[in-house]
Amino acid sequence: MPQQTQQQPKTTVLPALETVGLAFTYPDQRPVLREVNLTIRPGERVGIIGPNGAGKTTLFMLSCGVLKPTAGEVRLFGKPVVTGDFHPEVGMVFQNQNDQLFCPSVQDDVAFGPRNLGLSGDEVAERVREAFTVTGIGDLAERPPHHLSGGEKRLVAIAGVLAMRPKLVIYDEPTSNLDIRYRRRLINFLQNSRETLIIASHDLEFILEVCTRVVLLHGGTIKTGGNPYDILGDIYLMEEHGLERPHSLVPHAEPHHDRAGTR
Amino acid sequence: MHIPDGILPTAVCLGGYATAGAATWYSLRKINQSENPREGIPRASLLTAAFLVASWVHIPVPPASVHLLLNGLLGAVLGFYAFPAILIGLFFQAVMFQHGGLTTLGINATIIGVSAILAHLVFQIRKLFGPDNRTATGIFGFLAGASGIALAAVAVFALLVTTIPANIDVEAERTAIGILTIAHIPLMLLEGVFTALVVLFLIRVKPELLEGK
Amino acid sequence: MQLQLDRYAYLETPLHRWDPRCKLVGMMVLIFAFSYVRDLRLLPVILVVSGAMYVYSGLPLSFLLSRLRLPALFLLAVAVILPFASGQTVLFQIGPLAVKEEGCLDLLRIAVKFFSILTLGIILFGTMPFLTAVKAMRGLGLPYILADMTLFAYRYLFEIGDDLKAMQTAMRLRGFRNKKLSGFSTLASLAGTILVRSFEQSDRVFKAMILRGYGQPASFKDEFQARTIDVVALLLLLSAAAVVVTTELLLY
């Protein structure tokens, strides 16, 4: 029998997000981002860490097509991002929820995205129901956003984004303004989510629990990246970039943490 | 400045809705013709709310306090969005606080809105003196604020005089107008100075706000 | 403020359940019909109709009174002037001032119309959430720019109001007393700050909106379904309005 070399079919999985030489400068200001090369594969949960002003939010805005890069390019799932176009495959949860909850009722806010997708009335209602179930906020439907707590607002914002069924979700400082219960709820939620995630946070313990990979952004470029425990546990690396190790990775005289790292 | 329900003849109220409708139609047309009509909407919406809130600030004028109309300032800042902003603001006030009226929404919007647009034009004159001229900004800010309320007041008086019961004798009418006019002069000065101060604050802190659409 | 406005909007009376669009049209037409009244004989009619509707609406009396308190002050101003200034037939004298009949009747006319119209307005907007009222207007043809502006302004109104209170408290804690005119420039800076903050926030809000598709052709499902009874009620009110106007025309 003739030898047949079994060729595995080449399946190249398109990265969820790919930036090549991405740079951005606000007019008349110092460059915010220079030469950012980032690849995020589907299914990853990548944490972006770095001191304030490192350019995380700008990076996100470029990735979503809200801002136009000064140089370089961005690709979402293989397709180039066109500034100003609607990219429902990516969703972003803002740092300040009040900027994102702009409808007078929770119901309307969550329905906003699906409506703009051109779905029928019934499909919109279905998406809203789904988003409510996933985030567990069904009882907030008729409430005005003004009266919600920080944690409730965060969940409504997430529901509004998920209602568009994005494949990639970006979270900008999601644990800020959350009390302990909502923080824990968010951690559980993210650990169970199936979308590709990019999370910017100062809450390093949170990053440890949720992310599969960490990227360090400082001075407009990516300095390094890798396993969260390795990066976040490296005291010299952290201090060099204005950060501190999360408490659980600080060696204790009496060890009282274990490296769980399992999800 | 807000005319309440019940005093104006129905014909005038309906006419007011017609004029407000026309002015709104014109403003919306101008907005749709601008480069990025949708971009202006969140900005105008939040500023509408901001102006309504700003008008709640008590200005102490011993022995009492007043609330400013701020239509001059609104015109200076919002340009063509001023008319819809005022229409919406008056609607909120009528429904939430029973300030103004439902039948008179049209006529109030027309009076206050058109005065705001004229104040906007007055404010634009400052550009003749150079875009960053602080003195010009201050002076025309004052004029915009004062004229905003002055025009509205004149319109309201003229309207009331021509439509209110014809039983009022001419003497009393004349005295009333005289008194009201004199009472409004300090208000004009107050609105003018306030508008000037705010506009100078804005040009220092956030000049883009004064670009005018 | 919002609590006050929508406080009784979720009750379950027939007026509450009336289709918002029919309610809006019916009540506004009736309001305008009432504003047309001049004959004194119709005044008690409109007062009774407004009062009866209010009772039927299930809204508490305390609500009506609290809403009428401030506007009543305006009426006071008119009450002080009209009876003395308008007309020729003198009813009686109070010192040097003559109370004239025509003036009193004018005052009566204005007062009754004022209270009736305001009552109807409070019924109209008190028996449905404000948000529903705006959506009903949109359903009746309000241009999308106006509808959007109204909804977004409504959303942020209370937040900005809270910001103002917070800033005023902060000022007070640093010794500012809003008693003299000398604090004028501080108040101007306060107003300016509110404007700047709202302006900056609107930029972020706009980004959030376009990220979720603002500007795409959006679908609006038919939010309201009018039942037969809703249309019947509308026709009833339109007829009532027609009757009032015709009677007025015949009497005057």
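**Exercise 1. Characterise the interface of domain 1 and domain 2 of chain C in this predicted model.**

Step 1. Start with charge pairing. The rule finds zero salt bridges across the interface of domain 1 of chain C and domain 2 of chain C.

Step 2. Turn to polar contacts. Zero residue pairs, both at pLDDT 80 or more, are in polar contact across this interface.

Step 3. Identify what lines the domain 1 side. Helix H1 (2–6) and helix H7 (130–139) of chain C each give two or more residues to the side that touches domain 2. The residues of that side divide into four nonpolar, one polar and one charged.

Step 4. Add the area. About 530 Å² is buried between the two domains of chain C. Carbon and sulfur atoms give 79% of that area.

**Exercise 2. Set out the domain layout of chain C and count the residues in contact.**

Step 1. Read the bounds. The domain assignment gives domain 1 as 2–136 + 225–251. Domain 2 spans 142–211.

Step 2. Take the separation. Over C-alpha atoms, the centres of the two domains of chain C lie 33 Å apart.

Step 3. Count. Six residues of domain 1 of chain C are in contact with five residues of domain 2 of chain C.

**Exercise 3. Decide whether C:Thr150 is buried or exposed, and list what C:Thr150 touches.**

Step 1. Place the residue. C:Thr150 sits in helix H8 (residues 144–173) of chain C.

Step 2. Apply the cut-off. Buried means under 20% relative accessible area. C:Thr150 has 4% relative accessibility, so C:Thr150 counts as buried.

Step 3. List the partners. Not counting residues up to four places away in sequence, C:Thr150 touches B:Ile88, B:Phe92 and C:Val134.

Technical notes:
Residues are numbered from 1 along each chain as its sequence is written. Chains are lettered from A and ligands numbered from 1 in the order in which they are written. This is a predicted model: local features need pLDDT of at least 70, side-chain atom pairs count only at pLDDT 80 or more; totals for chains, interfaces and linings use all residues. Side-chain values use heavy atoms; hydrogens and water are left out. Domain bounds come from an automatic or database domain assignment. Contact means heavy atoms within 4.5 Å. Buried area is the accessible area (1.4 Å probe) that two parts lose on being put together, summed over both. A salt bridge is a side-chain nitrogen of Lys or Arg within 4 Å of a carboxyl oxygen of Asp or Glu. A polar contact is a pair of N or O atoms within 3.5 Å; within protein, one must be able to donate a hydrogen and the other to accept it, and residues adjacent in sequence count only if both atoms are side-chain atoms. Helices (H or I, at least four residues) and strands (E, at least two) are DSSP runs, numbered from the N terminus. Ala, Val, Leu, Ile, Met, Phe, Trp, Tyr, Cys and Pro count as nonpolar, Asp, Glu, Lys and Arg as charged, and the others, Gly among them, as polar. Buried means under 20% relative accessible area, exposed over 50%, partly exposed in between (1.4 Å probe, protein chains only).
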